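Here are some exercises to try with a protein model on your screen. Have a go at each task before you read the solution.

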Amino acid sequence: MSKVAIMTDSNSGITQAQAKEMGVFVLPMPFYINGDLFFEDISLNHEQFYQKLAENADISTSQPGPSDVLAAWDEVLKDYDEIVHIPMSSGLSGSCSSAHAMSLDYDGRVQVVDNQRISVTQKQSVRTAFELAKQGKSAAEIKEYLLNEKMQSSIYIMVDTLKYLKKGGRVTPAAALIGEVLNIKPVLQIQGEKLDAYSKCRGNKQAKKIMLNAMKDDIEGRFKDIYEAGKLKLFAVHSQSEEEAKEFAKEAETMFPKAGPIETDALSLSVSCHIGPGSLALACSITL
């Protein structure tokens, strides 16, 4: 039986400390801040990141350098026979296609999985992969499983401020100004590989209601059987709004009792970079 390692990147929200506890490996994502290079959870923590955002620093995301990825794989393969590598969705970054191209030189020992995940849904894929590896599944078998269930997740995100969507060119300056005056809260969605607009409303209370109803539609529709079987996990996720996320989790638990305790977590910095602080999200993913 092959000894299979599970690797992901910090877009999953898994810290280096958590990775050690879980028994997995995490590639830190690079960020450029005012032209200087930082690595998530290595030379850049969440507090420092949000401080730089507050200072209007010029922040951009990047993908891990090929030499860093190859060095990480080579180091892990000293102790493992195979690697299942789960990067951020190919629809949101080029790191997945780059990793796939590099894996072709490893004769099948590195299986790159593009199962269209990010943040907590990506983290759940890592957990699932790790459990399958414990069951004795090969890297190829784990990849096949994750690809088969890749569309069985949803993320709905309430954006607290339009400042960062404007900065990234997703809304015009005029629309951002009007939105701020009217307290407009966009609700975005990640379904598969795309980040799209879902709805917009006035105020946090209405935005939360929209996210809960969107999740209700998913659970009563495409996730019905998974939810009834107790295999759908829900997450309340935030960017610097932990207490609000905990309260939101309680509200969601009342509405979706078969999802069990709803986990609260922080959005990965790659998401927060584009939507800013104060955001709140409701996500779900299939579990084993």
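**Exercise 1. Find which residue stands opposite Pro186 in strand 10, and describe how the strands around it pair.**

Step 1. Look across from Pro186: the residue standing opposite in strand 10 is Lys200. Keep in mind that this is a predicted model.

Step 2. Now widen the view to the two strands. Strand 9 pairs with strand 10 (residues 194-202) through eight bridges, in the antiparallel sense.

Step 3. Strand 9 also pairs with strand 8, again antiparallel, and four bridges join them. One place to look is Tyr156, whose bridge partner in strand 9 is Gln189.

Step 4. Finally, check burial. Six of the eight residues of strand 9 are buried, so strand 9 is largely enclosed by the rest of the structure.

**Exercise 2. Work out what lines the largest cavity.**

Step 1. Start with the count: the structure holds one cavity of 30 Å³ or more. The volume of the largest cavity is about 40 Å³.

Step 2. List the lining. Gln116, Arg117, Ile118, Thr121, Ser153, Ile155, Ile190, Gln191 and Gly192 line the largest cavity.

Step 3. Ask which elements give two or more residues to this lining. They are strand 8 (153-158) and strand 9 (184-191).

Step 4. Sort the lining by class: three residues are nonpolar, five are polar and one is charged.

**Exercise 3. Decide whether Asp218 is buried or exposed, and name what Asp218 touches.**

Step 1. Locate Asp218 in helix 9 (residues 204-220).

Step 2. Compare its relative accessible area with the cut-off. A residue is buried if the value is under 20%. For Asp218 the value is 9%, so Asp218 is buried.

Step 3. Leave out residues up to four places away in sequence, and the contacts of Asp218 are Ser154, Tyr156, Gln191, Phe223 and Lys224. You have already met Gln191 in the lining of the largest cavity, and Tyr156 as the bridge partner of Gln189.

**Exercise 4. Put the strands of the four-stranded open sheet in order and explain why strand 2 and strand 7 each have one side without a neighbour.**

Step 1. The order is 2-1-6-7, and the pairing is parallel.

Step 2. Strand 2 (25-27) and strand 7 (110-112) are at the edges and have a single partner strand each, so one side of each has no neighbour in the sheet. From one strand to the next, the twist averages 25 degrees.

Step 3. Move to the middle of the order. Strand 1 (residues 4-9) and strand 6 (residues 82-86) are joined by five bridges. Thr8 has Ile86 as its bridge partner in strand 6, and Ile6 stands opposite Val84.

Step 4. On to strand 7: three bridges join strand 6 to this parallel neighbour. Here Val84 has Gln111 as its bridge partner.

**Exercise 5. Find out which way the residues of strand 6 point and which helices cover the sheet.**

Step 1. Glu82, Val84 and Ile86 point one way, while Ile83 and His85 point the other way.

Step 2. Five of the five residues of strand 6 are buried, so strand 6 is largely enclosed by the rest of the structure.

Step 3. Look for the helices. Helix 5 (residues 119-134) packs on the sheet and touches strand 1 and strand 6, with a direction at about 175 degrees to that of strand 1. Helix 6 (residues 139-148) lies across strand 1, strand 6 and strand 7, and runs at about 20 degrees to strand 6.

Notes:
Residues are numbered from 1 along each chain as its sequence is written. This is a predicted model: local features need pLDDT of at least 70, side-chain atom pairs count only at pLDDT 80 or more; totals for chains, interfaces and linings use all residues. Side-chain values use heavy atoms; hydrogens and water are left out. Two strands pair if DSSP finds at least two bridges between them. Axes are lines fitted to C-alpha atoms, for helices over the stretch in contact, and angles run from 0 to 180 degrees between N-to-C directions. Contact means heavy atoms within 4.5 Å. On a 1 Å grid over the protein atoms alone, a cavity is a set of points where a 1.4 Å probe fits but cannot get out, and a pocket is an open set with protein on both sides within 12 Å along at least five of seven lines; lining residues have an atom within 4 Å of a point. Grid points are joined across faces, edges and corners, and a volume is the space filled by probe spheres set on the points. Ala, Val, Leu, Ile, Met, Phe, Trp, Tyr, Cys and Pro count as nonpolar, Asp, Glu, Lys and Arg as charged, and the others, Gly among them, as polar. Buried means under 20% relative accessible area, exposed over 50%, partly exposed in between (1.4 Å probe, protein chains only).
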